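Please look over the sequence and the model shown below. The report that follows deals with contacts between side chains, taking charged pairs before aromatic ones.

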Amino acid sequence: MKFYLDTSVWGGYDDIEFSEWTIPFIEQARKGRFITVLSNVTTGELNGAPELIKNLYKTIPERYLERVEIISEQDELAQKYIIEGALTKKQEADAQHIAIATILKVDTLVSWNFKHMVNFYRIKQYNAINLKYGYT
């Protein structure tokens with residue numbers, strides 16, 4: 001299985017509210033229970049994080065880590081989420097995470113971002129946009 005982890009999951013490792021779930025989740029990633037998909041969008045967002053968080057992905061063995069760079073098709077889909085009103089330009093990185101995970105057809109996009117990403121209303125919007133543009 002492949003799991004795309006957005007930036008909020010990595011940050012949750014050192015967050016009192018989310019560490020209870022994030023620490024064991026990252027431990028499972030280290031053991032190779034699934035492949036962790038890491039994008040340059042995520043690593044870019046992590047640049048300003050504390051060292052522990054910024055380097056956390058380096059604790060996952062490379063054989064269980066799939067690094068990806070956003071490509072134009074993914075960015076174009078992210079822009080469609082914005083144009084169609086599912087997100088605003090301010091949430092462009094969130095749109096990119098969703099588009100990357102969609103086009104790569106990962107098994108699960110994992111996020112602690114309940115406002116913009118793990119939100120039933122918005123998920124319906126993303127799915128409708130995906131269907132409209134041929135992503136199933």
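## A salt bridge between two strands

In this predicted model, Glu66 and Lys2 are joined by a salt bridge, with 2.6 Å between the closest N and O atoms. The two partners belong to distant parts of the chain, since Glu66 is found in strand β3 (residues 65-68) and Lys2 in strand β1 (residues 2-5), 64 residues apart.

Are these two side chains buried, or do they remain partly exposed? Glu66 has a relative accessibility of 23% and therefore counts as partly exposed, the buried class being limited to values under 20%. Lys2, with a relative accessible area of 34%, is likewise partly exposed.

## Other salt bridges

The count of salt bridges in the structure comes to 6. One of them pairs Lys54 with Glu51, where the closest N and O atoms are 3.1 Å apart. Here both residues lie within helix α4 (residues 51-54), and their separation of 3 residues corresponds to about one turn of the helix. Lys54 counts as partly exposed, at 22% relative accessibility.

A further salt bridge is formed by Glu92 and Lys89, again with the closest N and O atoms 3.1 Å apart. Glu92 is partly exposed, its relative accessible area being 22%.

## A stacked pair across the sequence

Turning to the rings, the structure holds 7 aromatic pairs. Among them is the pair of Phe18 and Trp112, which is stacked, with 5.9 Å from centre to centre and 5 degrees between the planes. Phe18 lies in the loop between α1 (7-12) and α2 (19-30), whereas Trp112 lies in the loop between β4 (108-110) and α7 (120-132), so the pair ties together parts of the chain that are 94 residues apart in sequence. Both Phe18 and Trp112 are buried.

## A cluster of phenylalanines

Phe25 and Phe34 form another stacked aromatic pair, for which the centres are 5.0 Å apart and the planes differ by 25 degrees. That angle counts as stacked because the class takes in planes under 30 degrees apart.

Which residue joins Phe25 and Phe34 in a cluster linked by ring pairs? The residue is Phe3, so that Phe3, Phe25 and Phe34 are connected through their rings. Within this cluster, Phe25 counts as buried at 17% relative accessibility, and Phe34 is buried with a relative accessible area of 6%.

Technical notes: Residues numbered from 1 in each chain as written. Predicted model: local features only at pLDDT ≥ 70, side-chain atom pairs only at ≥ 80, totals over all residues. Heavy atoms only, no water. Phe/Tyr/Trp six-rings, centres within 6.5 Å; stacked < 30°, edge-to-face > 60°. Helix = DSSP H or I, 4+ residues; strand = E, 2+ residues; numbered from the N terminus. Buried < 20%, exposed > 50% of the residue type's maximum accessible area, 1.4 Å probe, protein only. Salt bridge = Lys/Arg side-chain N within 4 Å of Asp/Glu carboxyl O.
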